[in-house]
Amino acid sequence: MKNIYLDNNATTRVAEEVVEEMLPYFSNLYGNASSMHSFGGNIRHKIDYARQQAAQLLNCGPEELIFTSGGTESDNTAIRSVLELNPNKRHIVTTRVEHPAVRTMARHFQRRGYRLTELPVDAYGRIDLDQLEAAISNDTALVTIMHANNETGVIFPVDKIAPLVKSKGVLFHTDAVQAVGKMPYNLADIPVDLLSLSGHKLHGPKGIGILYVRRGTPLSPLIMGGHQEFSRRAGTENTPGIVGLGKACELAQKNMEEENGRVRQMRDWLETHLLRVCPDARVNGDRESRLPNTTNISFEYVEGEAILLLLDQLGIAASSGSACTSGSLEPSHVLRAMGVPFTAVHGSIRFSLSRYNTIDEIEYVIRETPGVIKRLRQISMFSSPPDAGAPRERKPRLDRISG
Ligand code: PLP
């Protein structure tokens, strides 16, 4: 049985080097970094080292980084902190395609009386910078716009957005959870105030992330208690996670250029073939400005869930929409915001690759997927109502699907 993992925007395999680095911190190196004795001192040094490894990847100061429990906590902290520290400003600007970690938090404040602008995107998933500029007012406390979209891979031009927002004197946060590790970063050059990243998206462990807070930007902690993380995030440090994330950052920096080139080639190969062989298939999102590992393809007139099921039986793991929303049959808010037709939203599949994929795996996916789509479309024809005048309901009959 094949075991081909193409769901790397949901989570990634932890690199072996990362696991190796972490293991001692589960056994003999178990000290608490806050302790005065050498058990603690060794841990403190290692945490400092991990912070430096992450700072090198982002080109920022280590003291600008706070370890958190992941992307969600970083996003939540950033938004809540800015609003709490600027109580006289009651307006938030974001986009319609943000991850729920941002979207839900922004809507939470909207329910508490804040004005919320969710900028629209065009058919390619792009925002209009003029609209962004027009949306910012004297009352705007925060602009929070993701760097790369988890569902489509579309990259927003944060290098242009950040200076624009700063020129209006407004704080800017970016959810860079999908971008860090897949594209080079230089925070010395981009005036981002706050940035979120997550370990498990770059071959690090789950349950660990970072919030970057630019020097001089005040922060109100979300989690209060002890003095860890410069009194900005309380709680005994997750040492194995921090050590693992540090190593993952180091590896990402080392491998990025070479591996992303190879990953992009495999992604393009997969995409080109599937579009050529499968009729009524289309790529969702801006193909020019996109993460190198992601393709989101709509296969019209079939259900994404049915495709996933059959691909899974062939040993291929992909995703229909965001992992965080799968499990519900709600159509993707990202694709809906892009105006993707209903039939295409429901048949959308996200393939997200990593440096661990091989060309042989991609060849196998290219060979098997068209057959899956064809078969589902044939089944779907049977489920159409016999009334020729009625619009065709092309839902696949899941009860007919077997190995
Ligand atoms: N932001 C984006 C864009 C994501 O893709 C994810 C995870 O899917 C998150 C935030 C949440 O990160 P975490 O799973 O580390 O909480």
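This dialogue walks through strands, a cavity, backbone angles, salt bridges and a surface patch in a predicted model.

Reader: Start with the strands. How many residues of strand E12 are buried?

Author: General idea first. Side chains in a regular strand alternate between the two faces of the sheet. Now the case. Strand E12 covers residues 348–352, and five of the five are buried. E12 is therefore largely enclosed by the rest of the structure.

Reader: Which residues of E12 point which way?

Author: Ser348, Arg350 and Ser352 point one way. Ile349 and Phe351 point the other way. Both groups are buried.

Reader: Which strand is joined to E12, and in what sense does it run?

Author: Strand E10, residues 294–299, runs antiparallel to E12. Five bridges join the two. For one contact to inspect, take Ile297, whose bridge partner in E12 is Ile349.

Reader: Now strand E8. Are its faces covered or open?

Author: Strand E8 spans residues 209–213, and five of its five residues are buried. One side carries Gly209, Leu211 and Val213. The other side carries Ile210 and Tyr212. Both faces are covered.

Reader: Which strands pair with E8?

Author: Strand E2, residues 65–68, pairs with E8 in the antiparallel sense over four bridges. There, Leu65 has Tyr212 as its bridge partner. Strand E7, residues 194–198, also pairs with E8 in the antiparallel sense, over five bridges. In that pairing, Leu197 is matched with Ile210.

Reader: And E6: is its pairing with E5 parallel or antiparallel?

Author: Parallel. Three bridges join E5, residues 140–144, to E6. Val143 has Phe172 as its bridge partner in E6. Strand E6 runs over residues 171–175, and five of its five residues are buried. Leu171, His173 and Asp175 lie on one side, with Phe172 and Thr174 on the other.

Reader: Next, internal space. How many cavities of 30 Å³ or more does a search find?

Author: One, across the whole structure. The largest cavity has a volume of about 210 Å³.

Reader: Which residues lie nearest its centre?

Author: The lining has 18 residues. Gly181, Lys182, His203, Asn260 and Arg355 lie nearest the centre of the cavity.

Reader: His203 is on that list. What is its phi?

Author: Phi of His203 is near 65°, a positive value in a residue other than glycine. His203 sits in the loop between E7 and E8. Its relative accessibility is 7%, so His203 counts as buried.

Reader: Where is Phe230, and what is its phi?

Author: Phe230 is in helix H7, residues 228–231. Its phi is near 55°, again positive in a residue other than glycine. Phe230 counts as partly exposed because its relative accessibility is 46%.

Reader: On to charges. How many salt bridges does a search find?

Author: The idea is simple. Side chains of opposite charge can pair when their charged atoms come close. A search of the whole structure finds 17 salt bridges.

Reader: Which residue forms a salt bridge with Arg215?

Author: Glu64, with the closest N and O atoms 3.8 Å apart. This pair links distant parts of the chain, 151 residues apart. Arg215 is in the loop between E8 and H7, and Glu64 is in the loop between H2 and E2. Arg215 is exposed, at 58% relative accessible area. Glu64 is buried, at 6%. Glu63 joins Glu64 and Arg215 in a network of salt bridges.

Reader: Are Arg233 and Glu73 buried or exposed?

Author: Both are buried. Their side chains meet in a salt bridge, 2.8 Å from N to O. Arg233 lies in the loop between H7 and helix H8, Glu73 in helix H3, 160 residues apart.

Reader: How far apart along the chain are Glu259 and Arg262?

Author: Three residues, about one turn of the helix, and both lie in H8. They form a salt bridge, with the closest N and O atoms 3.2 Å apart. Arg262 is partly exposed, with a relative accessible area of 31%.

Reader: Finally, the surface. Which residues make the nonpolar patch of about 300 Å²?

Author: Val19, Leu23 and Phe26 make this surface patch. Phe26 lies in the loop between helix H1 and helix H2. Phe26 is exposed, with a relative accessible area of 57%.

Methods:
Residues numbered from 1 in each chain as written. Predicted model: local features only at pLDDT ≥ 70, side-chain atom pairs only at ≥ 80, totals over all residues. Heavy atoms only, no water. Buried < 20%, exposed > 50% of the residue type's maximum accessible area, 1.4 Å probe, protein only. Pairing = 2+ DSSP bridges. Patch = residues over 30% accessible without salt bridge, like charges linked within 9 Å, V, L, I, M, F, W, Y side chains within 5 Å. Areas by Shrake-Rupley, 256 points an atom, 1.4 Å probe, with all protein chains shown as cover. Salt bridge = Lys/Arg side-chain N within 4 Å of Asp/Glu carboxyl O. 1 Å grid on protein atoms, 1.4 Å probe; cavity = no way out; pocket = protein on both sides within 12 Å on 5 of 7 lines; lining within 4 Å. Points joined across faces, edges and corners; volume = space filled by probe spheres on them.
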